[in-house]
Amino acid sequence: MEVAGLSLDGCHRLDELRAWHDACRKAPVAFDMTRGLPSDEQIALSHAMLSLPGPAPFDSGDGQDWLNYGGQQGIPQLRALLAPLLLGVPATQAAVGGNSSLALMHAAVGLAWRIGLPGHAPWSDAHEVRFLCPVPGYDRHFAICSDHGIALVPVPMGHDGPDMERVEKHVAQDPRIRGMWCVPRHSNPCGATYSAEVLRRLATMHAAAPDFTLFCDNAYAIHDFAPQALARPGLYDACATAGNPDRVLLFGSTSKMTIPGAGVALLGGSARIMDWWLAAQRACTIGPDKVNQVRHLRFFGNAAGVARHMQQHGHLLQQRFAQVQRVFAQRLRTPCDVHWSRPAGGYFITLWLPTGCARRVVSLASQAGVRLTPAGTTHCGGTDPEDRCLRIAPSRLPVADAARAAEIIAGCVLLACADAASVACDTTATAPDAHP
Ligand code: PLP
């Protein structure tokens with residue numbers, strides 16, 4: 001395939017790869033892959049929503065007025081539609097409010113910090129509060145913790161969820177661990193979906209802190225590439241079955257279903273958690289934006305409407321991800337120690353490189369005009385100690401550009417690997433013989 005006028009075909013040796021990269025630098029592309037944004041085509045799927053809610057009625061005939069203050073929990077019809085799909089709870093156990101699930105996560109952590117979780121002392125009373133963070137993970141989760149002075153404890157992510165041996169050990173032994181971030185479906189950035197066994201172990205494990213809470217970010221609950229039966233997300237059910245219904249706080253939004261920044265966000269949990277949350281909201285607002293909620297309700301209609309809409313998103317995402325998978329499979333066969341995730345949904349591919357190469361690849365790609373998420377972003381404190389992990393976000397680019405971007409990334413990986421190998425060779429050649 002042509003890249004900036006120069007093909008990567010047949011480039012194997014270091015000098016060939018350097019020449020290829022020089023040519024790319026002279027004619028850089030302008031691709032931004034720093035964050036998982038929906039493409040213009042995806043957003044166009046929701047353009048019709050912009051002319052909603054349309055004309056009256058502005059109430060549901062049961063005494064609720066959608067054009068006035070009130071309705072703190074959000075309109076019941078939208079909760080009934082989205083809470084089971086996005087959070088796995090009934091309408092009564094969810095609140096719809098605001099446009100951002102991250103804002104709700106930040107507010108919930110802040111509430112636990114200031115007043116404590118139901119029946120428990122505020123976290124601010126403790127000498128130290130810690131959160132388990134599956135790594136590679138989501139930098140904005142880390143930021144919410146850092147903002148509250150909460151220490152981050154990394155645990156490795158596997159293909160079906162976090163390493164549960166380590167999670168169970170930490171949570172059982174360390175009462176300073178009060179929370180854990182979880183993205184159970186198509187996690188950011190690994191794309192992993194937690195197995196039923198991982199959900200069960202999270203729900204049943206012994207916790208040294210009595211208020212240990214799973215902060216469950218269901219950002220990609222129904223964001224599959226290929227059509228799936230919309231199954232109810234399972235972490236709340238697992239916790240309730242284990243007799244720990246208060247262990248989990250659930251979050252979701254329509255940011256990646258309709259219009260990012262103009263969606264609706266949801267928080268859910270047990271009845272006790274909901275009482276706690278709604279009582280605290282009285283000090284914050286007289287009610288949420290119900291007009292946007294009605295807009296969403298009329299746009300989706302029902303669960304079948306949500307499924308149809310998400311199928312179209314999945315198709316558009318699949319086209320871009322397939323290009324990256326194809327190019328990586330073609331170009332990155334040779335270097336050992338290079339592998340990548342093959343998600344079935346969500347917004348990211350994780351690319352693993354030989355130790356010490358990730359930052360170099362980001363820099364080489366940037367010189368060629370492909371902006372990647374900075375290396376280290378996926379790790380607590382912004383530092384990947386092995387400098388191996390990159391988050392690739394193909395969603396926003398047009399399909400042809402996604403292929404071209406992947407080709408440039410692959411070329412930069414080959415160049416960084418060849419560079420590293422040549423440095424290793426030089427060092428070996430010049431190193432004094434330690435074992436004569
Ligand atoms: N959670 C995860 C895991 C995400 O990847 C993202 C966006 O990329 C968000 C939350 C953002 O959600 P919201 O727009 O509802 O704040």
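Mentor: Before we read the sheet, note that two strands pair if DSSP finds at least two bridges between them, and that strands (E, at least two residues) and helices (H or I, at least four) are DSSP runs numbered from the N terminus. This is a predicted model, in which local features need pLDDT of at least 70, side-chain atom pairs count only at pLDDT 80 or more, and totals for chains, interfaces and linings use all residues. Residues are numbered from 1 along each chain as its sequence is written, and side-chain values use heavy atoms, with hydrogens and water left out.

Trainee: In what order do the 8 strands of the open sheet stand?

Mentor: Strands of a sheet pair through backbone hydrogen bonds, either parallel or antiparallel. Here the order is β4-β11-β10-β9-β8-β5-β6-β7, with mixed pairing. Because β4 (94–96) and β7 (161–162) each have a single partner strand, one side of each is left without a neighbour in the sheet.

Trainee: How many bridges join β9 to β10?

Mentor: Strands β9 (residues 213–217) and β10 (residues 248–253) run parallel and are joined by 4 bridges, and Leu214 stands opposite Val248 in β10.

Trainee: Where is empty space left in the structure, and what lines the largest cavity?

Mentor: Rolling a probe the size of a water molecule over the atoms shows where empty space is left. On a 1 Å grid over the protein atoms alone, a cavity is a set of points where a 1.4 Å probe fits but cannot get out, and lining residues have an atom within 4 Å of a point. Among the 14 lining residues of the largest cavity, Pro134, Gly137, Tyr138, Val183 and Asn188 are the closest to its centre, while β5, α5 and β8 each give two or more residues to the lining.

Technical notes
On a 1 Å grid over the protein atoms alone, a cavity is a set of points where a 1.4 Å probe fits but cannot get out, and a pocket is an open set with protein on both sides within 12 Å along at least five of seven lines; lining residues have an atom within 4 Å of a point.
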